[in-house]
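Welcome, and thanks for keeping a viewer open alongside this text. We will go from stop to stop, with something to select at each one.

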Amino acid sequence: HVDPHRGSMSCAARSSRIIGSRRIAPANNRLASKPRARKPTPPRRNMAKTSATSTAPKDAPASSPAAGGDGWTQRILTLNPKRRGIFIWTDTLRKNVPEIASCKAGVLNLFLRSTTAALSVNENADPDVRTDLENALDRIVPGTDVLDAIARSAFVGVSLDLPVQGGKLALGTWQGLYLCEWGDASSSQRGCQVVATLVDSSSDVRVTRNVTVEAPRRGCHLVQDEVDDAFKPARDRLGSAGEGSTRIRKPGLANLLVRHTSASLTMNENADPTVRGDLEAALNRIVPEEWHRVLFEHVEEGPDDMTAHVKSALLGCSLTVPTDPTGRMKTGTWQGVYLCEHRNVGGMGVGHAREVATTLVDGAGVANTAGQTTVTLAGAGRGCRDVTAEIAAAAKAIGVGSEVRTGWLNVFVQHTSASLAVCDSTIAGAGDRLERALNETVPESWNDEFFVHTYEGPDDMPGHVKASIVGPSVTVPVVDGELGLGDRQGLFLCEHRDAGGYGCNLNRKVVLTLQGVDK
């Protein structure tokens with residue numbers, strides 16, 4: 001097996017992986033392997049021919065000196081992709097953030113300061129997965145303009161929260177870190193900054209726990225009860241100090257990571273089960289299995305395999321949710337955690353039993369929650385709008401700059417038909433292009449074709465699907481007492497309904513949780 005904690009830049013020898021009758025060469029040897037004949041593909045609507053590489057650039061500079069203290073470490077890395085493509089860079093991260101190796105339990109946030117690139121987690125073995133993923137995303141959000149790249153970036157995302165266990169990223173056997181670059185040559189040459197922020201909770205390794213969640217079959221499944229049970233031991237410890245204890249309870253964060261590349265985690269409606277069936281049906285339309293025949297090269301594991309990798313990249317494998325002082329998730333009334341099983345018989349060697357790493361980032365511990373607040377953002381209507389100023393003002397009021405100089409701010413929307421994205425705030429029309437991409441990806445005509453959850457109007461079920469694609473949560477680093485967004489980045493609230501959500505209209509509640517140190 002390929003070591004999941006090593007990227008393909010390593011020179012260490014590795015064993016190969018056999019899939020069917022085909023041997024997958026180790027990532028660091030793959031560039032020298034004999035190329036296979038590629039099957040013809042149909043025209044790609046003015047898309048450039050794409051290819052992926054198995055390595056991140058070898059001239060990536062070392063990270064900046066570490067900032068922080070008292071359990072917090074922050075480094076800024078610069079990745080130099082040089083060209084458009086998808087790159088694996090797990091080993092680059094390990095080398096440039098050495099503090100990971102001494103962390104027995106904690107959480108690492110990776111935040112990419114780019115509006116034309118994205119971060120994801122997917123297969124670390126076969127390089128065809130990266131080529132296929134790039135081509136699939138080009139079909140989902142077509143076009144070669146910079147606005148198309150910006151929309152594609154928002155679909156995949158720029159912020160990743162990953163658990164650390166025993167001195168390693170708690171990734172699954174086949175998981176690796178992906179850098180997806182869609183910018184032109186000039187933007188690729190400038191490089192991509194990644195802010196890596198680590199909180200080390202090694203003093204209490206019990207904050208993290210791995211559990212197995214069984215998906216009954218392929219589809220989207222509500223697993224909120226299983227998730228609550230997984231966090232119960234950690235919650236119990238928060239309340240076990242006993243009468244007379246001086247320990248102060250504080251709000252915190254709960255992080256979940258599904259350790260597989262053909263499953264994902266999202267948050268959506270916890271009431272009507274037809275939402276889950278419709279979400280599964282929508283994903284099958286967005287990423288059709290026909291691509292197994294006409295587009296994909298990673299085909300050895302069946303027609304549901306590569307499509308599963310693409311769906312996992314769209315919905316994501318990691319989810320971070322704010323908690324109250326008792327450790328309970330501060331979700332909205334209608335929100336619940338979904339485990340999305342994208343394969344007919346589950347993952348390689350595990351079936352539908354999916355392992356999920358859970359981590360409670362205790363606000364009264366090393367993480368040090370400086371403040372948590374809920375703000376209401378009122379929109380003018382459906383669309384994606386820049387709310388950076390409102391978020392920054394609320395963040396300053398709970399301690400950004402005064403209480404926290406190194407840390408992070410988690411931003412979480414408590415609704416199932418709205419989402420949060422990082423998008424370009426300097427180019428006119430960036431939000432409109434993202435809105436148009438979402439409407440083209442999830443058309444309202446699906447209400448007449450196959451959606452069952454239709455009684456709240458033609459914009460409702462499409463709104464649920466869009467919310468899962470973009471996501472409810474973004475973690476932004478705090479760097480030198482400021483929100484660590486890139487020069488061109490802004491936080492956008494994406495309203496997916498014409499008149500807003502059930503019972504709240506266009507008033508969307510957003511929870512801000514600030515953690516870190518004044519160093």
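In which loop does Asp 480 lie? Select it and look to either side: Asp 480 is in the loop between β23 (473–479) and β24 (482–483). Bear in mind on this tour that the model is predicted.

**Stop 1: two aspartates in loops**

Stay on Asp 480 and read off its backbone angles. Its phi is near 55 degrees, a positive value in a residue that is not glycine. For context, most residues other than glycine have a negative phi. Switch on a surface and you should find Asp 480 exposed, because its relative accessible area is 55%.

Now select Asp 70. This residue sits in the loop between β3 (67–69) and β4 (72–79). Phi of Asp 70 is near 55 degrees, again a positive value in a residue other than glycine. Is Asp 70 buried or exposed? Asp 70 counts as exposed because its relative accessibility is 52%, and the cut-off for that class is over 50%.

**Stop 2: aromatic rings**

Move along to strand β4 and show the side chain of Trp 72, then add Trp 408. The whole structure has 5 aromatic pairs, and Trp 72 with Trp 408 is an edge-to-face one, with 4.7 Å from centre to centre and 75 degrees between the planes. The two partners come from distant parts of the chain: Trp 72 belongs to strand β4 and Trp 408 to strand β21 (residues 406–413), 336 residues apart. Both Trp 72 and Trp 408 are buried, and you may want to hide the surface here.

Next, select Phe 450 and Phe 451. Their rings also form an edge-to-face pair, at 4.9 Å centre to centre with 65 degrees between the planes. Colour these two by accessibility: Phe 450 counts as partly exposed because its value is 22%, whereas Phe 451 is buried at 6%. Add Trp 446 to the selection, and you have a cluster in which ring pairs link Trp 446, Phe 450 and Phe 451.

**Stop 3: salt bridges**

How many salt bridges does the structure hold? There are 30, and we will visit some of them.

Begin with helix α10 (residues 430–441), which contains both Glu 440 and Arg 436, 4 residues apart, or about one turn of the helix. Their side chains meet in a salt bridge with an N to O distance of 3.3 Å. Glu 440 is partly exposed at 46%, and Arg 436 is partly exposed at 43%.

Then pick Glu 390 and Arg 385. These two form a salt bridge whose closest N and O atoms are 3.2 Å apart. Glu 390 is partly exposed, with a relative accessible area of 33%, and Arg 385 is partly exposed at 26%.

For a salt bridge with buried partners, select Glu 495 and Arg 508. Their closest N and O atoms are 2.7 Å apart. Glu 495 lies in strand β25 (residues 489–495) and Arg 508 in strand β26 (residues 507–517), so the pair ties together parts that are 13 residues apart in sequence. Glu 495 counts as buried at 4%, and Arg 508 counts as buried at 1%.

Finish this stop with a group: Arg 84, Glu 134, Asp 138 and Arg 152 are linked in a network of salt bridges.

**Stop 4: cysteines**

How many disulfides does a search of the whole structure find? The count is 0. Select Cys 423 and draw a distance from its sulfur to that of Cys 384, the closest cysteine sulfur. You should get 7.2 Å, which is too far for a bond, because a disulfide needs the two sulfur atoms within 2.5 Å. Cys 423 is buried, with a relative accessible area of 1%. Select Cys 180 too: it counts as buried because its relative accessibility is 0%.

**Stop 5: the inner space**

The last stop is for your cavity tool. The count comes to 4 cavities of 30 Å³ or more, and the largest cavity holds about 480 Å³ of space. Its lining has 33 residues, and the closest to the centre are Val 156, Ser 159, Ser 318, Val 470 and Ser 473. Which classes make up the lining of the largest cavity? By class, there are 20 nonpolar, 12 polar and 1 charged residues.

Terms used:
Residues are numbered from 1 along each chain as its sequence is written. This is a predicted model: local features need pLDDT of at least 70, side-chain atom pairs count only at pLDDT 80 or more; totals for chains, interfaces and linings use all residues. Side-chain values use heavy atoms; hydrogens and water are left out. On a 1 Å grid over the protein atoms alone, a cavity is a set of points where a 1.4 Å probe fits but cannot get out, and a pocket is an open set with protein on both sides within 12 Å along at least five of seven lines; lining residues have an atom within 4 Å of a point. Grid points are joined across faces, edges and corners, and a volume is the space filled by probe spheres set on the points. Ala, Val, Leu, Ile, Met, Phe, Trp, Tyr, Cys and Pro count as nonpolar, Asp, Glu, Lys and Arg as charged, and the others, Gly among them, as polar. Helices (H or I, at least four residues) and strands (E, at least two) are DSSP runs, numbered from the N terminus. Buried means under 20% relative accessible area, exposed over 50%, partly exposed in between (1.4 Å probe, protein chains only). Rings of Phe, Tyr and Trp (its six-membered ring) pair if their centres lie within 6.5 Å; planes under 30 degrees apart count as stacked, over 60 as edge-to-face and the rest as tilted. A salt bridge is a side-chain nitrogen of Lys or Arg within 4 Å of a carboxyl oxygen of Asp or Glu.
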